[in-house]
Amino acid sequence: MSIAPAALFAAFAACALGGALAQPAPAPLAPLAHSALLAVDAAPAAGGLVLRVRRATDQTPVVVSDLAVVIDGKSEPATAQADGSWLVSRPAGMQDAGKPVEVTVGHDGIHEVLSGRLAPSAGASSAASPGAAAAGAASSSAARLISGSHKQFFWWILNIAVVLIAAIAISRRIS
């Protein structure tokens with residue numbers, strides 16, 4: 001009788017560990033733009049684009065009083081995050097790779113305008129040939145089909161199913 005609770009606990013712990021491991025890792029920040037004083041790094045994130053502003057000389061974070069972002073000629077809202085980064089909200093599936101970006105950063109009583117282009121995603125291939133561009137588009141659309149939140153959702157369903165199967169097996173074994 002004491003083996004059943006231990007087995008259920010082990011199954012539950014395995015499911016919880018599986019769900020924790022299913023969390024998608026954030027994309028690494030890539031350089032977007034820089035000036036003599038500042039550097040702006042960017043990375044795609046769930047729901048938008050993450051920007052981090054740092055000093056160009058010693059790489060330390062900058063206290064930003066305000067930040068304005070223009071992507072491909074359109075002003076986009078940016079909200080400050082608890083970790084000092086900024087989130088620019090973007091619609092799901094928006095193709096921003098290669099678009100021009102202007103970031104106006106207010107810091108230390110001045111405003112700097114930095115401009116650059118968004119880097120292609122890691123899964124994108126070079127557009128040297130039309131076939132390579134089509135292959136890159138197909139792989140990115142397949143990656144978007146199962147996004148990070150959907151992967152986590154499927155992990156939770158799988159984990160619950162495993163626990164239920166284990167509970168049924170154990171209850172039949174005890175009876």
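## Starting with a pair

Which residue in β3 does A39 stand opposite? The partner is R54. Keep in mind as you look around that this is a predicted model.

## β3 and its two partners

A39 and R54 mark one spot along the pairing of β2 with β3. Strand β2 covers residues 38-45 and runs antiparallel to β3, with 8 bridges between the two. The hairpin that β2 and β3 make has 2 residues between its strands, and G47 there takes a positive phi near 85°.

Strand β3 itself spans residues 48-55 and is mostly covered, with 6 of its 8 residues buried. It also pairs with β7, a strand made of residues 86-89, again in the antiparallel sense and over 4 bridges. If you want a landmark for this pairing, try L51, whose bridge partner in β7 is W86.

## The open sheet

Now for another group of strands. Here 4 strands form an open sheet, and following the order takes you through β5, β4, β8 and β9, with antiparallel pairing. At the edges sit β5 (74-76) and β9 (110-117), each of which pairs on one side only. On average, neighbouring strands of this sheet are turned by 25° against each other, direction ignored.

## A closer look at β4 and β5

Within that order, β5 is followed by β4. Strand β4 takes in residues 66-71, and 3 bridges join it to β5, the two running antiparallel. To find your place in the model, look for I71, which stands opposite K74 in β5.

Notes. Residues numbered from 1 in each chain as written. Predicted model: local features only at pLDDT ≥ 70, side-chain atom pairs only at ≥ 80, totals over all residues. Heavy atoms only, no water. Pairing = 2+ DSSP bridges. Axes fitted to C-alpha atoms, helices over the stretch in contact; angles between N-to-C directions. Buried < 20%, exposed > 50% of the residue type's maximum accessible area, 1.4 Å probe, protein only.
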